[in-house]
Amino acid sequence: MGRIDRLIADMTLAEKLGQLTMTAADYAVTGPVVAPVSEDAIRSGTIGNLLNLYGAEPARRIQEVAVEESRLHIPLMLGFDALHGQRTIFPIPLAETGLFDPEAWESTARKTAEECAGDGLHMTFAPMLDVSRDPRWGRIAEGPGEDPFLGSAFARAKVRGFQRASLADMGAIAACAKHYVGYGAVTAGREYASTDMSDAMLREVYLPPFRAAVETGVAAIMPAFTDLNGIPMTANGFLLRDVLRTELGFEGVVVSDYHAIAELWNHGVAGDLAEAAALALKAGVDIDMMSDAYRLGLPMALERDLVAMGDIDAAVRRVLSLKERLDLFQDPYRRGRADSGVTAQARALARDVGARSLVLLKNDGSVLPLATRRIALVGPLADAAGEMRGPWGGAGRSDDCVSVLQGLSEAGLDVRHAPGVAINTNDLSGVSSALDLCADADTIVLCLGEAALMSGEAASRAFLGLPGRQQELADAIFDKAAGKPVVVVLFSGRPLAIPQLVSHADAVVAAWFPGCEAGHAIADVLTGKVSPSGRTPVTWPRAVGQIPIFFGERSGGRPFNPDDHFTSHYSDVENSPLFPFGHGLTYGKIALSNLRIESGDPLTVKVDVANHGPRKAEETVFLFIKQKVPRVTRPGLELKGFGNIMLAPSEQGTVKLTLARPEGPAELFVGPSAAYSSLLSLPI
Ligand code: BGC
């Protein structure tokens with residue numbers, strides 16, 4: 001008998017349910033605390049997994065209780081949300097996606113895993129893979145944007161980075177891809193609301209990143225809080241068992257979301273805790289995070305024949321197998337040998353990725369890079385180091401973060417700062433001193449946007465303008481700027497609907513939340529030390545009423561024609577977005593030409609890219625297809641590839657992309673964004 005068989009044969013019911021339970025400590029609070037962790041419970045084997053506890057010393061101490069003092073000596077598994085960094089905070093995932101660089105995505109995950117391992121953690125509840133086309137939903141910040149092909153590439157890179165070649169490797173932790181599935185489509189963008197979609201939509205848009213994660217060997221999956229077509233994901237046997245396990249071949253552990261099993265009662269599908277626990281277990285949820293439904297409900301469910309001991313044993317086996325793959329039985333203290341803090345090497349990576357995640361949305365008159373040194377730095381996010389972490393700050397500390405004020409000052413600029421207004425209050429009393437400051441400067445840099453916690457979980461918004469009185473501050477400055485360039489650095493966890501701000505500013509940089517090296521990264525781009533190269537992985541609306549707005553829409557039978565009233569349009573706003581998917585300017589002047597296809601399967605697609613500008617530039621090129629005369633209507637454009645090229649001034653190069661030969665006739669498009677007018681095309 002192997003170790004796991006022996007353990008299962010020896011375990012009491014309470015010990016088995018302990019292995020299926022994950023309980024929160026209070027190092028970070030990510031939901032309601034209903035079952036406080038106690039050392040006695042660990043000692044008695046009735047809690048087998050923890051979340052929200054990290055740090056070499058506390059992790060070791062608590063592990064010692066499990067390993068030395070519990071009857072079966074089964075090590076604990078410790079999980080934490082290190083969404084975009086643990087100690088070193090990298091850009092939020094939406095921002096990082098905009099690098100369109102799988103190697104970079106992987107490298108930040110590797111660093112995060114290393115830091116998590118140093119902190120005694122074994123699992124991160126990441127990557128978050130919810131495709132979303134609704135910026136009202138705050139969690140769009142945590143994921144890879146609007147496109148399934150892009151989300152799949154992101155999924156593969158992140159799982160590789162967190163888990164390395166083997167979960168037993170030094171510095172590897174288990175990834176838990178979340179939130180399976182469709183959470184990004186919550187009704188009206190309102191957090192935790194229900195989702196409803198066609199099978200085609202599910203399989204073509206929301207499922208692919210999870211398929212990619214499973215194919216890459218992801219160790220765990222977390223079901224979404226939401227219901228899909230009427231079945232809560234936590235109890236969705238069809239999607240968790242038939243699709244995830246049978247069809248996709250997932251063999252790992254399913255970890256419920258926080259308190260989600262108990263919430264089956266709120267969904268109305270379970271009459272009591274025993275029913276809720278039985279529904280979840282039967283659907284394939286192995287670990288109960290924070291409901292205490294398995295420990296309290298499953299014994300009753302067993303008595304009522306709602307579940308069988310075999311169901312419990314199968315889940316226990318999956319949990320113990322993961323602990324084995326993590327090498328926890330051999331060496332329970334391997335992780336948690338040293339919490340690293342933020343090393344110089346990790347900082348350098350955060351600075352590099354941070355700078356490359358910034359999206360230059362507008363740069364009229366090439367006001368960027370900055371040509372003058374006397375800067376009025378205005379706005380509530382200019383001196384806001386802690387906000388730079390974004391919504392999931394891991395174990396990152398605000399005093400490890402660099403503000404824009406610090407970054408620009410260290411870059412040698414003569415910077416004077418006034419906040420003008422706060423992020424989200426009604427107080428305009430600081431505006432006049434901000435205006436005085438502007439009168440004395442050559443260039444005005446406005447740092448505006450959302451607070452970090454205005455996106456992320458439970459942070460939906462119905463209005464997507466600047467919060468508080470920031471637009472009024474900006475308007476007052478535009479009014480008085482008297483020909484001085486005004487550069488907006490915009491912080492947000494989502495695209496904002498800010499046409500007025502964009503039309504008045506000379507330059508706009510979408511900074512999202514760049515992480516702990518924010519100030520340095522922003523200074524690098526504003527001063528021209530780094531050429532901006534980020535691309536938006538999500539479409540920006542002009543107005544909330546356009547949402548959902550995304551490039552992969554189907555054209556319908558009456559696509560917009562300005563000469564025909566009875567075609568698809570709004571009467572009060574254009575159809576087009578404020579910025580299309582893939583948009584992002586550089587300091588170069590890029591031209592694409594000579595699109596060509598070399599036959600074979602996959603096809604090789606090549607396009608020449610030239611930089612006619614005076615500065616070096618990194619260009620991202622997107623490959624889309626449009627199927628011709630398909631049996632069912634298809635999106636106008638489907639993303640099938642992307643590639644990057646760095647070009648010196650006057651340099652020309654070729655980007656090579658591969659494309660699986662489409663089944664029927666199709667048209668191929670290549671260009672710098674999803675804006676139709678910018679695309680070169682060829683028939684296939
Ligand atoms: C979130 C998850 C997270 C969990 C644990 C939940 O509220 O939805 O994304 O992993 O808390 O912190």
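Q: Which residue of β20 stands opposite F624?
A: That's L639. Strands here are DSSP runs (E, at least two residues), numbered from the N terminus. The model is predicted, so local features need pLDDT of at least 70 and side-chain atom pairs count only at pLDDT 80 or more, while totals for chains, interfaces and linings use all residues. Residues are numbered from 1 along each chain as its sequence is written, and side-chain values use heavy atoms, with hydrogens and water left out.

Q: How do you know that β19 and β20 pair?
A: Two strands pair if DSSP finds at least two bridges between them. Strands β19 (617–627) and β20 have 9 bridges, in the antiparallel sense, so they pass.

Q: What makes β20 mostly covered?
A: Of its 10 residues (638–647), 7 are buried. Buried means under 20% relative accessible area, exposed means over 50%, and partly exposed is in between (1.4 Å probe, protein chains only).

Q: Why is the link between K282 and D311 called a salt bridge?
A: The rule wants a side-chain nitrogen of Lys or Arg within 4 Å of a carboxyl oxygen of Asp or Glu. Here the closest N and O atoms are 3.1 Å apart, so the pair fits. K282 sits in helix α12 (273–283) and D311 in helix α14 (309–325), so parts 29 residues apart in sequence get tied together. Helices are DSSP runs too (H or I, at least four residues).

Q: Why is K282 called partly exposed?
A: Its relative accessible area is 40%, so K282 falls between the two cut-offs. D311, at 23%, counts as partly exposed too.
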